[in-house]
Amino acid sequence: NLDRQMYFFYATSMAPFLVMGLALILGDILGADGRFASFGRERRTIGILIATTYMGLCVVNFVWLWPILTGYPISQEIWNQQLWLPSWR
């Protein structure tokens, strides 16, 4: 139960910086390709695995929340599955 209004739309101006920051972090996780780095292919492979897993989870989460984000009618059962945190109920 919220006792005050939340103005989350003010966070919209931070979205481009969040995306750029995530891109920089994922670039660091990926590391340089084997030609310029001393760590070699194993480090790059692990970085690709981590970055791909993260991006895949982001896409799956976006698809899962798509009905909520677009206002598509859903059943009560699906609505209850969408509410992950107890404070959302």
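User: What follows helix 1 in this model, and what is the sign of its phi?
Analyst: Gly 31 comes right after helix 1, and its phi is positive, near 75°. Keep in mind that this is a predicted model.

User: How do you know that helix 1 reaches close to its expected span?
Analyst: Helix 1 covers residues 15–30, which is 16 residues. The expected span is 1.5 Å times one less than the number of residues, and for helix 1 that gives 22 Å. From first C-alpha to last, helix 1 reaches 22 Å, close to that expectation.

User: Which residues line the largest pocket, and which element gives the most?
Analyst: The lining is made of Ala 15, Leu 18, Val 19, Leu 22, Ala 23, Leu 26, Tyr 54, Met 55 and Cys 58. Helix 1 and helix 2 (41–70) are the elements that give two or more residues to it. Helix 1 gives the most, with 6 residues. The pocket holds about 280 Å³ of space.

User: What makes the lining nonpolar, polar or charged?
Analyst: Ala, Val, Leu, Met, Tyr and Cys are among the types that count as nonpolar. The lining residues divide into 9 nonpolar, no polar and no charged.

User: Why is Gln 82 called buried?
Analyst: Buried means under 20% relative accessible area. Gln 82, found in helix 3 (residues 76–82), has 4%, so Gln 82 is buried.

User: What does Gln 82 touch?
Analyst: Leaving aside residues up to four places away in sequence, Gln 82 touches Trp 64, Leu 65, Ile 68 and Trp 88. A polar atom of the Gln 82 side chain also lies 3.0 Å from the backbone oxygen of Trp 64.

Methods. Residues numbered from 1 in each chain as written. Predicted model: local features only at pLDDT ≥ 70, side-chain atom pairs only at ≥ 80, totals over all residues. Heavy atoms only, no water. Helix = DSSP H or I, 4+ residues; strand = E, 2+ residues; numbered from the N terminus. 1 Å grid on protein atoms, 1.4 Å probe; cavity = no way out; pocket = protein on both sides within 12 Å on 5 of 7 lines; lining within 4 Å. Points joined across faces, edges and corners; volume = space filled by probe spheres on them. Buried < 20%, exposed > 50% of the residue type's maximum accessible area, 1.4 Å probe, protein only. Polar contact = N/O pair within 3.5 Å; in protein donor to acceptor, adjacent residues only side chain to side chain. Contact = heavy atoms within 4.5 Å.
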